[in-house]
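Please look over the sequence and the structure shown here, and then read on for a guided description of some of the parts.

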Amino acid sequence: MSRVQTIYLKDYKAPEFNIKSVDLVFNLFEEYTQVTNTMSIKRIDKNTKDIILNSVNLELLDLCINNLKINEDRYIIEKETIRILDVPNEFKLTIINKIYPQINSELEGLYKSGDIFCTQNEPEGFRRITPYLDRPDVMAVFSTTIIADKNIYPLLLSNGNLLNSFELSDGFHGVTWSDPHPKPSYLFALVAGDLGAISDEFTTKSGDEIKLNIYCDKGNESKCYHAMESLKKSMLWDEQKYGREYDLEIYNIVAVDSFNMGAMENKGLNIFNSAYVLADEDTASDANFMGIQSVIAHEYFHNWTGNRITCRDWFQLTLKEGLTVFRDQSFSSDINSKEVCRIEDVKALRERQFVEDASPTAHPIQPDSYMAINNFYTATVYEKGAEIIRMIHTLLGEDNYRRATDLYFKSFDGQAVRTDDFLWAMSEASGIDLIEFKRWYHQSGTPKLHVNESFENNKYKLILTQEIPNTVDGNEQKPYFFPLKMALLNSNGDEIIANTLIISKEKEEFIFEMDEKPILSINRDFSAPIIVELQKNNYPFLMRYDKNSFVRYESAQSFGVIIIEAIMRGEKIDKEFIDSFGYILSSDMNLSYKALLLELPSISTLMQRQDEIDFEVIYKAKEKLSKCIATTYEDELIDIYDKNHKPSCKDIDAKSIAERSIKNCCLKLLSELKNNKIIEIVNKQYKESLTMTDRVVALDILENISSETAKVALNNFYKKYSEDTLVMNKYFTILASSQRRGVLERVISLQNNDAYNELVPNLVRSLIGSFARNYRYFHAKEGDGYKFIANKIIEIDKINPQIASSLAGAFKIYKKLNLQNKKAMKIELERILSTPSISKNVYEIVSKVLKV
């Protein structure tokens, strides 16, 4: 694997040929699929004689130019390409090939999920279906005919609008779909199966009636209504906020169990991981409902930011993903609690992207090289990319931003473009120079902002100094340009000054004249994705009185970090924190927001601050603080729990979700007491509550504080839901995340459970992936956790390299581990690399981790 090819942005070349139209015919059989691909092709580069098509694991049957069969000496078949020699300037190329979807375990190209034929072509799956110029800057109009056994596959779907359907002999039938919008091959989709459905309609602001269908396994139709409502809300929001209407006659969504990603925005035919479509109150948690709403919106919004305007090359991936994540976050914020949504978005960024930024795999949102592009569907490209769009929105303001996006859509509709083109539209429409801001696209790592303050002679001085990390290779980087929302508060918490500062230099000073020494509230709303380091903090005051919801949350978290780190050093728990916690506990506010304020810092947050990580010390310190809080406020916590515990309520309105959020927050804290009274309360919640949210919280607590009670409850849960794969994901996650001893042995045993299937990515993520995120036992000093995950990576890599490489991400914190853990991990990393025929996906991650 030492000769894995690295692809560089600097080597980009425009396509030498253009494909104007594609006519595809799929003959689906149980043993194989025959694909007939007819392309109208025109030469662009007159100096190029041969056309080179991407082709992976295809069985070529026939090849014709302008209806004439090509002799074998006119083409060369190589490992992943077909070169056709000396082609005309314009020609019709017809290729017939055979593929075997039934044995496609990598889930790229055309494959079978259970009894359903489906596709996943982003980024490079189409070359596994038929030879093609499989790159995003080649955009063609597609027509697709599908032929299959009508008894087995009555439903045949593809992109665009349905042109016609027809009957054939021997029980076969066919349909033809036509997509009038030019698109790259990664947006091609096909589905064939015997599926249930729900249907609805949406009327655009121009008066067009759009047919909406969501398809799923029969019997699950009742679980699709939340997804349908989310889709209709998304369509209306995009019209109102961005002026974007839907542009086909029909919009189809299909839910499948076996899917590597969350969902795929294929034009007019979105294919979804069933986890992001199917939900009802009995089987889905509140978080599931919110996740479905977000992902449904994300894929719909891609219709304009990703489909109508797509990426010139895969280095531009954040062009569509960062922008669309910002759009879906804004949508969720508009229809739910803005303060809660913003905090949840930042939590996710810090848990995943900040860790990535501090690892050997750190990269800019627009990388300059890759070995396997699948490895760059990352939190950096997506979530950090969204934060960078959010900063642009802040810099431009709402009105200028809308004018700029209108210009972007008008200028580049139907094209494959670059991040530079998007930034041009932002600058052109607003008149704001974004040249320095572009560094966010090309630099990696999370910048720190050191804050110093002074107050003399009625002058408050704010001194800000940027600390910019070097690249993974040790190269220096330049200061960033960003908006910094801040306020200066008086002793009552009222704002004296509220402003957005523009930070552009390594060190800057700001002076404000005022009568009294103010209290600083900084990086309000998390206006920039940075780490703020304060010389002096006012966290107790801010977590009580700051009116900015994010800074109040941030202050509670930061104060908690200080206390836990003090406990790790052997110091006593600061009473001021306990008192401040009690103040929040007794305050009247939005209950979902209150639950966030009462959360203690996560293990990941604490880990990221350590120069050398010892997880056991972190866990024990956090557990000590949790127990102190539970002991001090046991009566108050139980009172809040009792007031908000409504076991018969299954509603998913904001009020009901908030009540469950706060009462389960209190229950988790109380669980640190580990006494019979709390065990009884938790077990009663499991038995009586009608929502999956309450039952999963109860099971998780019982698994960690009362193994005998948990055994009975988990057996009951398994008996009830063992046939429901999505619920089994929760079951495996609870067991793999357990903090009880022996979890690794139990995870190993669970691989033989009838409900587990290593070919289903969701199940692998829930069992194996959850254990890899179980810091206490994955990082146990004996090294058994490392060995187990390394074995699974090697094993799964032979089946599905994309899932294997995602598991390899668990090793990214290698350089920060203590010597004992680092030594044990290194042995397993080297063993992975020495495995013959390891995929380039896994090789790229592991080789970068070991390079440090």
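## A predicted model and a small open sheet

This is a predicted model, and a convenient place to begin is a single pair of residues: I77 has I82, in strand β8, as its bridge partner. Strand β7 and strand β8 (residues 81-84) are paired in the antiparallel sense, over three bridges.

These two strands belong to an open sheet of three strands, ordered β4-β8-β7 and paired in the antiparallel sense. Its edge strands are β4 (51-54) and β7 (75-77), each of which pairs on one side only, and from one strand to the next the twist averages 15°.

## The nonpolar cores

The largest nonpolar core has 152 residues, and those that touch the most other members are I84, L93, Y408, F437, L464 and F482. Helix α5 (residues 379-396) supplies the largest share of this core, with nine residues. A second core, separate from this one, has 120 residues, including V561, A621, I638 and F811.

When residues up to four places away in sequence are left out, I84 touches D50, I51, L53, L63, I65, I70, R74, Y75 and L93.

## A second open sheet, with a helix on it

Another open sheet of three strands has the order β28-β27-β30, again with antiparallel pairing. At its edges stand β28 (495-503) and β30 (519-522), and because each has a single partner strand, one side of each is left without a neighbour in the sheet. The twist from one strand to the next averages 25°.

Strand β27 (residues 482-489) is joined to β30 by four bridges, and the two run antiparallel; L489 has I519, in β30, as its bridge partner. Helix α5 packs on this sheet and touches β27 and β28, with a direction that makes about 65° with that of β27.

## A strand with two unlike faces

Which residues of strand β29 (residues 507-513) lie on its covered face, and which on its uncovered face? The covered face is made of E508, F510 and F512, while K507, E509, I511 and E513 form the uncovered one. As background, side chains in a regular strand alternate between the two faces of the sheet.

Strand β26 (residues 459-467) is joined to β29 by seven bridges, and the two strands run antiparallel. Across this pairing, L462 stands opposite F510 in β29.

## Two helices that cross

Helix α17 (residues 676-688) packs with helix α18 (residues 692-705) at an angle of about 145°, and their axes are 8 Å apart. The crossing in which α17 passes α18 is left-handed. On the α17 side the meeting residues are I679, V682, N683, Q685 and Y686, and on the α18 side they are D694, R695, V697, A698, L699, I701, L702 and I705.

## Two covered helices, α24 and α27

Helix α24 has 14 residues, which at 1.5 Å a residue should span 20 Å, and its end C-alpha atoms are indeed 20 Å apart, in agreement with that expectation. Because ten of these 14 residues are buried, α24 is largely enclosed by the rest of the structure. The buried ones are G785, Y786, F788, I789, A790, K792, I793, I794, I796 and D797, and they pack against α21 (743-750), α22 (761-772), α23 (775-778), α25, α26 and α27.

Helix α27 (residues 840-850) is mostly covered as well, with nine of its eleven residues buried. These are N841, V842, Y843, E844, I845, V846, S847, V849 and L850, and they pack against β23 (369-370), α24 (784-797), α25 (801-808) and α26 (819-833).

## Two single residues

Is K812 buried or exposed? Its relative accessible area is 15%, and because buried means under 20%, K812 counts as buried. K812 is found in the loop between α25 and α26, and, not counting residues up to four places away in sequence, K812 touches E356, S359, P360, T361 and V849.

A654, placed in helix α16 (residues 654-670), has a relative accessibility of 64% and therefore counts as exposed, since exposed means over 50%. The C-alpha atoms of A654 and L591 are separated by 9.7 Å, although these residues are 63 residues apart along the chain.

Methods
Residues numbered from 1 in each chain as written. Predicted model: local features only at pLDDT ≥ 70, side-chain atom pairs only at ≥ 80, totals over all residues. Heavy atoms only, no water. Buried < 20%, exposed > 50% of the residue type's maximum accessible area, 1.4 Å probe, protein only. Contact = heavy atoms within 4.5 Å. Pairing = 2+ DSSP bridges. Axes fitted to C-alpha atoms, helices over the stretch in contact; angles between N-to-C directions. Expected span 1.5 Å × (residues − 1). Core = buried A, V, L, I, M, F, W, Y, C linked by side-chain atoms within 4.5 Å. Left-handed = near helix turned anticlockwise from the far one by under 90°.
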